[in-house]
Amino acid sequence: MIQDDTLRQRCRRIASIAPIIVERCDELVDACSSDWRVDPVETITGELLPFCSSLRWLGKHGGKVLRSRSAGWLGRPLWLSGVTSVIERVPHGDVLVLGTWNYPVLLPGVQIAQALAAGNTVQFKPAAGTERSAEILVDCFRDVGFDQSKLRLLGSDVESATGAIDAGVDLIVLTGSAATGQNVLARSSSTLAASIMELSGCDAVLAIPGCNTGRLVKAIRFGLTFNGGATCIGPRRLLVLKKNRDKVVGALTEELKDASEVVVHPAARGSLADNLASALRRGANETRCLYDEPKLRTTGRIAPLVLTDVKPSDPIANADIFAPVISVIEVDRVEAMIDVVNKCDYRLAASVFGPEKRARSIAERLRVGTVVINDLIAPTADPRLPFGGRGKSGFGVTRGREGLLAMTTIRVVSSRRGRMTPHLDRRTPRDRGLLQGLMTFLHGRGLQKRVAGLKLMQASVKTKADDVGSS
């Protein structure tokens with residue numbers, strides 16, 4: 001049992017979980033195996049390696065990120081002479097982590113680690129179907145001393161989440177769909193609990209002039225098929241110039257010709273089939289001619305699909321799909337690509353493929369949480385990087401320095417030394433001139449104005465002194 005660890009000790013304790021994850025690698029791989037997670041390598045590369053890196057990062061940098069900082073005399077306003085302050089990062093208190101099924105170790109694992117490192121207690125509600133991986137994950141924290149009083153594993157049923165919210169928690173961290181986010185926010189509205197919402201995406205890939213088509217289609221294949229297509233920042237829309245459309249679509253169709261079917265998670269099958277049916281009715285074309293709607297609805301099996309002739313306003317171009325489906329949207333110019341991204345309800349991430357200088361200038365105009373240039377998904381595994389979205393993709397961040405800070409709230413402690421306390425004196429008619437002169441002297445426009453402020457201060461001080469003398 002942990003007693004009163006210092007911040008640095010807690011962070012080091014968190015880092016010591018990494019070797020335990022290594023020792024229980026086979027168990028975690030087996031626990032994460034499912035119809036849609038069939039490759040053990042994906043669990044290692046997509047969850048366990050980045051999780052261990054995050055734990056080590058916390059051990060090395062967590063104490064520095066969360067340490068208090070002082071606001072002393074340097075930069076202090078003149079009228080606050082004698083005041084020194086300390087800005088402290090303090091834990092929220094009780095944090096509820098609502099886990100997800102698509103990455104059941106990495107995503108809740110980092111959130112739990114950061115919450116505990118910051119000094120919170122944690123309640124962890126895993127997603128249905130991930131109970132075994134959740135048990136192993138919590139056991140790894142137990143092995144370094146985080147007992148039931150620090151980390152509590154809840155059931156995977158909805159009632160466990162609603163019960164915890166209704167009982168009152170200080171911070172809710174959700175990874176899930178936009179619909180789930182709305183339900184959680186509505187449920188927690190009566191207690192006004194702070195929230196971090198890491199929600200769904202409908203991410204776009206922008207193929208700008210000069211992009212390497214071979215690299216582009218290889219990246220899209222990776223993004224469509226990794227984790228069975230169940231990645232929130234997987235590619236869902238491909239934005240191309242009309243003049244390049246046939247070349248890019250042809251190369252992508254060729255790249256996917258030997259891609260295997262995947263199994264879509266039961267929670268995502270119905271909405272996927274509905275969105276595909278809507279898109280095909282609206283005139284979209286499925287270039288590979290492999291889509292079998294009854295098969296998808298009954299078994300969840302689907303081959304990676306490329307839809308062409310999709311419009312930005314079509315429902316499928318604004319849907320949080322967790323499956324290997326990408327919609328090709330043709331535009332006349334690059335400016336229109338930026339507009340399509342920024343008008344989408346979901347703005348989690350985007351990828352830009354093309355010459356780096358031009359791609360970077362485009363990235364700076366995209367209103368999304370993460371932009372990757374000439375790659376996708378993989379760079380976000382860097383433990384130093386925060387992750388979060390905008391719009392229906394949520395708010396707040398997890399991971400990295402900013403994610404760790406988000407597990408705390410701020411407390412400021414100020415103290416005054418010396419006898420200078422003019423704000424405590426009774427007001428006199430002359431105070432206005434003195435204070436207005438001070439304000440003009442400090443912040444007036446131009447030298448002449450500031451000199452006038454100084455003179456007003458001197459006149460007010462002299463008048464006050466004369467009044468004291470005459471009394």
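**View 1. Helices α4 and α5 run side by side, roughly parallel.** Here we zoom in on helix α4 (residues 40-66) and helix α5 (residues 106-117), whose axes come within 10 Å and cross at roughly 15°. That angle is why the pair counts as roughly parallel (under 35 degrees; over 145 is roughly antiparallel, 65 to 115 roughly perpendicular, the rest oblique). Axes are lines fitted to C-alpha atoms, for helices over the stretch in contact, with angles from 0 to 180 degrees between N-to-C directions. Helices (H or I, at least four residues) and strands (E, at least two) are DSSP runs, numbered from the N terminus. This is a predicted model, so to speak of local features pLDDT must be at least 70, and side-chain atom pairs count only at 80 or more, while totals for chains, interfaces and linings use all residues. Residues are numbered from 1 along each chain as its sequence is written, and side-chain values use heavy atoms, without hydrogens or water.

**View 2. A closer look at what α4 and α5 bring to their contact.** On the α4 side you'll find G46, E47, P50, F51, S54, L55, L58 and L66. Facing them from α5 are L106, G109, V110, A113, Q114 and A117 (contact means heavy atoms within 4.5 Å). Sorted by type, the contact residues are nine nonpolar, four polar and one charged (Ala, Val, Leu, Ile, Met, Phe, Trp, Tyr, Cys and Pro are nonpolar; Asp, Glu, Lys and Arg charged; the others, Gly among them, polar). The crossing of α4 and α5 is right-handed (the near helix is turned clockwise from the far one by less than a right angle; anticlockwise would be left-handed).

**View 3. Helices α3 and α6 pass each other roughly antiparallel.** The axes of α3 (residues 25-32) and α6 (residues 131-142) come within 8 Å, crossing at roughly 155°. This crossing is left-handed. From α3, the residues E27, L28, A31 and C32 meet R132, S133 and I136 of α6. That contact splits into four nonpolar, one polar and two charged residues.

**View 4. Seven strands build an open sheet with mixed pairing.** Reading across, the order is β11-β13-β14-β9-β8-β16-β17 (strands pair if DSSP finds at least two bridges between them). At the edges sit β11 (285-286) and β17 (370-373), each pairing on one side only. Strand β14 (residues 325-331) runs parallel to β13 (residues 305-308), with three bridges joining them. Look for L305 opposite V325, and for V306 with I326 as its bridge partner. β14 also pairs with β9 in the parallel sense, over five bridges, and there V240 is partnered by E330. Six of the seven residues of β14 are buried, so the strand is largely enclosed by the rest of the structure (buried is under 20% relative accessible area, exposed over 50%, partly exposed in between; 1.4 Å probe, protein chains only).

**View 5. Helices α9 and α13 pack against the sheet.** α9 (residues 213-225) lies across β8 (203-207), β9 (235-241), β14 and β16 (349-353), and runs at about 160° to β9. α13 (residues 334-343) touches β8, β9 and β14, its direction making about 155° with that of β9.

**View 6. Two loop residues, C289 and R399, have a positive phi.** Most residues other than glycine have a negative phi. C289, in the loop between β11 and α12 (293-299), has phi near 55°. R399, in the loop between β19 (394-395) and α15 (400-406), has phi near 70°. Which one is buried, and which exposed? C289 is exposed, at 67% relative accessible area, whereas R399 is buried, at 10%.
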